[in-house]
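Please look over the sequence and the model below before reading on. The paragraphs that follow go through them step by step, and it will help to keep both in view.

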Amino acid sequence: MSPGRRTFYLTTPIYYVNATPHLGHAYTTIVADAMARYRRLAGDDVWFLTGTDEHGDNIAQAAAQASVSPQAYADRISSAFREAWLGLGITNDDFIRTTEARHKTVVQAILRTLWDRGEIYLGTYGGQYCFGCERFYTEKENADGKCPDHQRPLTYIEEENYFFKMSKYQRWLTEHIEGHPEMIRPERYRNEILGFLRDPLQDLSISRPRTRLEWGIPLPFDDKYVTYVWFDALINYVSALGGPGDTRFETYWPHAQHLIGKDILKPHAVYWPCMLQAAGLPVYTRLHVHGYWTVGGQKMSKSLGNVVEPRAFIEGYGRVGNDAFRYFIMREMTFGLDADFSKDAFLGRFNADLANDLGNFVSRASTMIQNFGDGVIPTPRPAPGGPGPGEEWEFALPAALLKAKDEIAAAMDDFAFQKALAAIGEYIARLNQYVDAMHPWTLAKDTDPAARERLTGVLYMLGASLRCLGILLTPFLPDASARILAAVGETGKLGLSEARYDRLSPGGRVQKVSGLFPRLEPPTRGDARPEEGVTGKPGSRITIDEFGKVELRVAEVLAAEPVPKSKKLLKLTVSLGTEQRTVVAGIAEHYAPADLVGKRVVVVANLEPARLMGVASDGMVLAGSSGERLAVVVLDRDLPSGARVT
Ligand code: MSP
């Protein structure tokens, strides 16, 4: 093993098979996947587990309702989870099902050990029970006699059951959590558990009589009972590694890190460490707890009809859907806190971060290497006239990259996915600033040798930036990062240590990447009809207010190409500063595409989008004409893209 290589065992909760995968399940699974990919990128040894929780009353009831056997029901929904994760590109190393023999064997072995050690006894328990949650509620928890989750009345039941002597671990657990400040993260959840442990801890009922529930793992020492579903489920983290004694268990268990939602904090932070301690197994190292998603400000529920199903949502956005969904949920939720999901928020982040910032840079950089460098990474040489303007960027860009890498590393150590993405966002902003500051299109027109050398240097830096960005994005936007890396000729596996400015080989070919994240229109835009009477006949007068309705803006032409099968039309990709648009202009008979790239033109930015020869055009370029002659309106001095023209 190489020095500094760390080992990670990452787990998600195993999901109940009584509901199909939704946003909540997807969030936990996607962040776990991003973490697994990040750790692999850093060269670490990772084992990533997810799976399904298939026993218990709830599942038995759902199966009965569907008139199928619990096993057939579990098979169906478990496959739905497996397929959903496959569709989302989740890179789990294993998928555990609690109905598998490998799991049952380990559960029974652990129960046997606890029984032999005197950690389990037969007792009577009476109390208020919720059949939905499959658990008894204490008086404190059910002040109004209803289950707080299901809002259904609780039922008093009394039965003989087996109990795990959890109460005797109260002091040990408190001390363990206090002695391991990093064990439960973020801090607020650690405090919540320490608060909970101030009250006396009860023993845990770990069995259900088979007369009441058949669908579970029989107790090895009394087959009139099955194992309580939580006791069975938690053991998945150990059984999936083959259990104590297995090489995989010995390798990964000492590095276990569990990822869960806050709804299942108590079983993971209280029952599970006590179970492990009683069985003589080491406690996991970390528990990472995230908050809850609401949708449109409300709890996600079938009855409200607001359940977000990731596959269906993503399919609506074609190829970019998966990356965009991953990006949104990781960027929007501060890990540990609750967050709200809405289409507007999704579109906002998509357009601002992915289309305008990331997509814009990737398109600009790759297009300029195409247009000004014949699509080949040049060999940078010192400019003949000595260092020139913008030379400081040769240090500033590597410094920005280092800063991003450090911030991502710190954020990922803390499971702060939103911070890791914000750090990448800052790096992208620097890259766009670099392009704006260096004006490669101006250098390209300059015949002075010093300017040519400077252009060569800029094109090299742009190529190297694309490569570094592609590497940094790998864990978060798997598809977009692969496209960026492929564009600079990297199709193999690259590690995080490869993200450096001196690793790009001159001479390599670069492909143009346009439309990495094409801008999405908010649903309302374009619905409004144009105002009547704004365009008058030549010679007629309009008021200043009428003129004010026309939004004219400075736009830099980033790329230009002919529209297939059209003699007159050119498709222009223009930058309005914060956004990038496609504009179709009827100027092909007057301009060669290459002549337009780098020009600052004026566009009507608030025109209704239209399709011209099958190409969507979002804006209009101003041009004057007289007889056969046509001239595009350009600025006679520099103004930033997006500047208003009045
Ligand atoms: N089967 C148990 C877990 C056993 S682990 C040994 C279970 N399953 S579940 O299907 O209900 O999944 C719960 C998990 O799904 C939560 O911990 C969380 O990871 C995720 N989420 C479900 N709904 C959620 C939200 N609305 N928001 C965020 N995550 C949520 O509990």
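Does V295 count as buried or exposed? With a relative accessibility of 12%, V295 counts as buried, where buried means under 20% relative accessible area, exposed means over 50%, and partly exposed lies in between, with a 1.4 Å probe and protein chains only. V295 belongs to strand 14, residues 293–295, and its C-alpha atom is separated by 7.8 Å from that of V308, although the two are 13 residues apart along the chain. Helices (H or I, at least four residues) and strands (E, at least two) are DSSP runs, numbered from the N terminus.

This is a predicted model, in which local features need pLDDT of at least 70 and side-chain atom pairs count only at pLDDT 80 or more, while totals for chains, interfaces and linings use all residues. Residues are numbered from 1 along each chain as its sequence is written, and side-chain values use heavy atoms, with hydrogens and water left out.

We can now turn to the whole chain. The protein chain has 20 helices and 26 strands, and its C-alpha trace spans about 100 × 60 × 40 Å along its principal axes. Of its 646 residues, 52% count as buried.

The next stop is the ligand. It is surrounded by 23 residues, and the closest are I14, T28, D53, D263 and W293; a residue is near a molecule or strand if one of its heavy atoms lies within 4 Å of it. Strand 1 (7–16), helix 1 (23–41), helix 7 (229–234) and helix 8 (236–239) each supply at least two residues of this shell, and strand 1 gives the most, with four residues. Sorted by class, the shell has 12 nonpolar, nine polar and two charged residues, where Ala, Val, Leu, Ile, Met, Phe, Trp, Tyr, Cys and Pro count as nonpolar, Asp, Glu, Lys and Arg as charged, and the others, Gly among them, as polar.

Oxygen atoms of the ligand also appear in polar contacts, that is, pairs of N or O atoms within 3.5 Å; within protein, one atom must be able to donate a hydrogen and the other to accept it, and residues adjacent in sequence count only if both atoms are side-chain atoms. A polar backbone atom of Y16 is 3.0 Å from an oxygen atom of the ligand, a polar side-chain atom of H25 lies 3.4 Å from an oxygen atom of the ligand, and an N or O atom in the side chain of H290 is 3.5 Å from an oxygen atom of the ligand. The protein covers 93% of the 670 Å² of accessible area that the ligand has on its own, as computed by the Shrake-Rupley method with a 1.4 Å probe; for residues, only the protein chains shown count as cover.

Helix 4 shows how a helix can have two sides. Its 16 residues, 101–116, should span 22 Å at 1.5 Å a residue, and its end C-alpha atoms are indeed 22 Å apart; the expected span is 1.5 Å times one less than the number of residues. Why do the buried residues H103, V106, V107, I110, L111 and L114 of helix 4 lie on the same side? They cover an arc of only 135° around the axis, which puts them on the same side of helix 4, the arc being that of the directions from the helix axis to the C-beta atoms. An α-helix has 3.6 residues a turn, so residues three or four places apart point the same way. On the other side of helix 4, A101, T105 and D116 are exposed. Helix 4 is followed by G118, whose phi is positive, near 75°.

Helix 17 (residues 449–473) makes a useful companion, since 23 of its 25 residues are buried, and it reaches 36 Å from its first C-alpha to its last, close to the 36 Å expected. In helix 13 (residues 343–373) we find S366, which is buried with a relative accessible area of 0% and has a polar side-chain atom 2.8 Å from the backbone oxygen of V362.Some loops deserve a look as well. E54, in the loop between strand 2 (45–53) and helix 2 (57–65), is buried, with a relative accessible area of 0%. K565, in the loop between strand 17 (552–562) and strand 18 (570–575), counts as exposed at 84% relative accessibility, and its phi is near 65°, a positive value in a residue other than glycine. Finally, a cis peptide bond with omega of about -15° joins R185 and P186, and P186 lies in the loop between strand 7 (184–185) and helix 6 (187–196).
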